[in-house]
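Subject: Structure for you to look at

Dear colleague,

Here is the structure I promised to pass on, with the sequence alongside. Please open it first, and then read the notes that follow.

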Amino acid sequence: MRIIVVIILLSFLATACNNENENKVIYLVRHAEKDVTPKNDPPLTTDGVIRSVDLASWFNDIKVDSIFSTDYARTRETAEPVAERQNLQISLYEPKNFATKLKALKVDTILVIGHSNTILEEIEALGFEKPQKEIKESEYDKIFELRFASGEVITHSYGSKYKE
């Protein structure tokens, strides 16, 4: 009888461990429109600031648990309105091997602000298919929603001129 109880408990434990990412959703967003100067770390343009506020509005009904940004003015400035509304701190990250850290986090909803040359690679590193071949230099309006339970990537457009 004890063996049966132990087997049942182990099967429940195994199921719980296998489903640890079941509710995890990661949103990956390229930073908003950046200025042209200074070249090494430009801030957001006026349009970029507006878009960052639009991003915060897009997340009004979504409770974000963690926000990550690379250590550049444009990514931090894109994340700030969301962080302020959600009362969260922005954690800085390096793209290299970041997917492993994201998978290990014990939170359900994560927002990552990155770059045109890192977002799609992060999506692949997290085990999902790229939703598009590349992010164009002029493309600032996408939110990539990765749903771990279903394995799907949902692409949203956001910003004052976009309505879903």
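**Three residues in loops**

Asparagine 87 has a relative accessibility of 70% and therefore counts as exposed, the cut-off for that word being over 50%. Please keep in mind throughout that this is a predicted model. Asparagine 87 sits in the loop between α3 and β3, and its phi is near 55°, which is a positive value in a residue other than glycine. Asparagine 97, in the loop between β3 and α4 (98-104), also has a positive phi, of about 60°, although it is not a glycine; its relative accessibility is 60%, so asparagine 97 counts as exposed. The remaining loop residue I would point out is proline 38, which is found between β1 and α2 (46-58), and the peptide bond that leads to proline 38 from threonine 37 is cis, with omega near -10°.

**The sheet**

In what order do the strands of the open sheet of six strands lie? The order is β3-β2-β4-β1-β5-β6, and the pairing is mixed. At the edges stand β3 (90-92) and β6 (152-157), each of which has a single partner strand, so that one side of each is left without a neighbour in the sheet. On average, and with direction ignored, neighbouring strands of this sheet are turned by 25° against each other. Helix α3 (residues 73-86) packs on the sheet, where it touches β2, β3 and β4, and its direction makes about 165° with that of β2.

Strand β4 (residues 109-114) is a good place to begin a closer look. Its six residues are buried, six of six, and the strand is thus mostly covered. Thr109, Leu111 and Ile113 point one way from β4, while Ile110, Val112 and Gly114 point the other way. Strand β1 (residues 25-30) runs parallel to β4 and is joined to it by six bridges, and within this pairing valine 29 has isoleucine 113 of β4 as its bridge partner. Strand β2 (residues 66-69) also runs parallel to β4, here with four bridges; serine 66 stands opposite isoleucine 110, and serine 69 stands opposite isoleucine 113.

β2 is likewise covered on both faces, since Ser66 and Phe68 on one side and Ile67 and Ser69 on the other are all buried, a term that requires under 20% relative accessible area. β2 pairs with β3 in the parallel sense over three bridges, and isoleucine 67 has isoleucine 90 in β3 as its bridge partner.

**Nonpolar cores**

Which residues of the largest nonpolar core touch the most other members? Of its 18 residues, these are Ile26, Leu28, Val112, Leu126 and Leu146. The elements that contribute two or more residues to this core are β1, α4, β4, α5 (119-125) and β5 (142-147). A second, separate core of 15 residues includes Val29, Val64, Ala83 and Ile113.

Leucine 28 illustrates the contacts in the largest core. When neighbours within four places in sequence are left aside, leucine 28 is in contact with Val112, Ile119, Glu122, Ile123, Leu126, Lys142, Ile143, Phe144 and Leu146.

**Helix α3 and its surroundings**

Besides packing on the sheet, α3 packs against α2 at an angle of about 35°, with the two axes 8 Å apart, and α2 passes α3 in a right-handed crossing. On the α2 side the residues that meet α3 are Ser52, Val53, Leu55, Ala56 and Ser57, and on the α3 side they are Glu77, Thr78, Pro81, Val82 and Arg85.

Is glutamine 86, in helix α3, buried or exposed? Glutamine 86 has a relative accessible area of 19% and is therefore buried, although this value lies just under the 20% cut-off. A polar atom of the glutamine 86 side chain lies 2.9 Å from the backbone nitrogen of valine 64. Not counting residues up to four places away in sequence, glutamine 86 touches Phe59, Ile62, Lys63 and Val64. Valine 64 is also a member of the second core.

With best wishes

Methods
Residues numbered from 1 in each chain as written. Predicted model: local features only at pLDDT ≥ 70, side-chain atom pairs only at ≥ 80, totals over all residues. Heavy atoms only, no water. Buried < 20%, exposed > 50% of the residue type's maximum accessible area, 1.4 Å probe, protein only. Pairing = 2+ DSSP bridges. Axes fitted to C-alpha atoms, helices over the stretch in contact; angles between N-to-C directions. Contact = heavy atoms within 4.5 Å. Polar contact = N/O pair within 3.5 Å; in protein donor to acceptor, adjacent residues only side chain to side chain. Core = buried A, V, L, I, M, F, W, Y, C linked by side-chain atoms within 4.5 Å. Left-handed = near helix turned anticlockwise from the far one by under 90°.
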